[in-house]
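Colleague: I'd like to learn how to read a few features off a model. Can we go through them together?

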Amino acid sequence: MFEHVQKRHRVFFVYIGGESPLKEKYIDAASELIVYTYFFSASEEVVPEYVTLKEMPAVLVFKDETYFVYDEYEDGDLSSWINRERFQNYLTMDGFLLYELGDTGKLVAIAVIDEKNTSIEHTRLKSIIQEVARDYRDQFHRDFQFGHMDGNDYINTLLMDELKVPTVVVLNTSNQQYFLLDRQIKNAEDMVQFINNILDGTVEAQGGDSILQRLKRIVFDAKSTIVSIFKSSPLMGCFLFGLPLGVISIMCYGIYTADTDGGYIEERYEVSKSEIESQEPTEESKEQEPRSGDVLVPTVQGPKDVLEKKKD
């Protein structure tokens with residue numbers, strides 16, 4: 001039955017031993033992660049002869065034609081260890097898989113290549129990553145996940161930059177940081193040196209999930225979406241962006257003209273009001289003029305002429 005399971009599943013976990021607190025933790029982890037991988041329990045006689053166990057009970061993961069034993073002191077929480085080890089050491093990457101790897105806390109070393117391109121450079125980088133994943137698994141499997149990706153479209157959106165192909169990039173999918181090559185990778189030893197430099201902090205991390213980086217990502221995503229729409233269907237792009245802009249323009253014009261008419265009416269109202277106020281004093285002055293029957297005020301006589309003086 002063990003051989004049958006090993007043929008059917010590329011990754012599976014086995015608890016070996018009797019009742020123990022470790023088995024209770026294993027059952028809890030299995031009930032939580034059963035949708036992602038496979039869990040079994042067995043006696044010590046079931047496991048192959050090449051498996052050596054220092055102590056019992058134990059939890060093992062079988063993958064990549066080998067096995068790894070859970071060590072509580074080095075690996076920490078059992079559920080976290082299972083979540084990290086539920087993937088093969090080398091994988092063909094895509095966007096969904098990179099999203100899942102974000103929960104493992106591992107760095108992901110990816111050879112970004114064009115699988116349709118059969119040139120030496122493309123195949124060489126892929127084989128170097130495979131060699132490091134296979135020959136240095138005991139050294140790096142706790143911290144690194146390895147794989148290759150066909151094309152750079154997804155990586156470009158993640159890095160917000162145009163990545164040259166072929167190349168190698170190391171991603172920290174938990175915080176969106178990335179590391180680019182600081183040397184030319186000629187063989188597996190160069191790749192191992194690059195990984196060690198990342199672990200000891202010699203290579204500077206780029207990107208991240210800071211507020212500035214998030215704003216840049218929003219702008220980049222919006223720009224990429226608009227460009228992709230116009231490239232795929234220019235008429236649809238004109239309709240999607242032209243129609244809302246046209247409606248907004250008409251609304252703004254209507255609001256502007258409404259304000260202008262309102263100001264003109266208000267101005268005419270002020271003019272008519274001032275005219276009415278100017279007419280009121282005139283009417284009051286007319287009312288103050290003497291009417292017939294009223295006592296007349298003597299008028300001042302002008303000087304007499306010469307004849308009137310002689311008559312006098």
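Colleague: Why are Glu121 and Arg124 separated by about one helical turn?

Modeller: This is a predicted model, so keep that in mind throughout. Both residues belong to helix α6 (residues 120-135), and because they are 3 residues apart there, about one helical turn separates them. Their side chains form a salt bridge, with the closest N and O atoms 2.7 Å apart. Glu121 is partly exposed, at a relative accessible area of 35%.

Colleague: Which residues do salt bridges with shared partners join into one network?

Modeller: Those are Glu74, Asp75 and Arg142. Take Arg142 and Asp75: their salt bridge is 2.8 Å, N to O. That pair links distant parts of the chain, since Arg142 is in the loop between α7 (137-140) and β7 (144-150) while Asp75 is in helix α3, 67 residues apart. For burial, the cut-off is under 20% relative accessible area. Asp75, at 4%, therefore counts as buried, whereas Arg142, at 33%, is partly exposed.

Colleague: And what does the salt bridge between Glu72 and Lys25 tie together?

Modeller: Glu72 lies in helix α3 (residues 72-75) and Lys25 in helix α2 (residues 21-33), so the contact joins parts 47 residues apart in sequence. The N to O value is 3.7 Å. Glu72 is partly exposed at 45%, and Lys25 is partly exposed at 43%. A search of the whole structure gives 8 salt bridges.

Colleague: On to the sheet. What is the order of its 4 strands?

Modeller: In general, strands of a sheet pair through backbone hydrogen bonds, parallel or antiparallel. Here the sheet is open, ordered β2-β1-β3-β4, with mixed pairing. β2 (39-42) and β4 (66-69) are the edge strands, each pairing on one side only. β1 (residues 12-16) runs antiparallel to β3 (residues 58-63) over 5 bridges, and Val14 stands opposite Leu60 in β3. Helix α4 (residues 78-85) packs on this sheet, touching β1, β2, β3 and β4, and its direction makes about 10° with that of β3.

Colleague: How many aromatic pairs does a search of the whole structure find?

Modeller: It finds 14. One of them is Phe2 with Phe12, edge-to-face at 5.8 Å centre to centre, with 70° between the planes. Phe2 is in helix α1 (residues 2-8) and Phe12 in strand β1, so the pair ties together parts 10 residues apart in sequence. Phe2 counts as buried at 12%, and Phe12 counts as buried at 1%.

Colleague: Why is the pair of Phe144 and Phe146 stacked?

Modeller: Their ring centres are 6.0 Å apart and their planes at 20°, so the pair is stacked. Phe144 and Phe146 are both buried.

How values were computed. Residues are numbered from 1 along each chain as its sequence is written. This is a predicted model: local features need pLDDT of at least 70, side-chain atom pairs count only at pLDDT 80 or more; totals for chains, interfaces and linings use all residues. Side-chain values use heavy atoms; hydrogens and water are left out. Two strands pair if DSSP finds at least two bridges between them. Helices (H or I, at least four residues) and strands (E, at least two) are DSSP runs, numbered from the N terminus. Contact means heavy atoms within 4.5 Å. Axes are lines fitted to C-alpha atoms, for helices over the stretch in contact, and angles run from 0 to 180 degrees between N-to-C directions. Rings of Phe, Tyr and Trp (its six-membered ring) pair if their centres lie within 6.5 Å; planes under 30 degrees apart count as stacked, over 60 as edge-to-face and the rest as tilted. Buried means under 20% relative accessible area, exposed over 50%, partly exposed in between (1.4 Å probe, protein chains only). A salt bridge is a side-chain nitrogen of Lys or Arg within 4 Å of a carboxyl oxygen of Asp or Glu.
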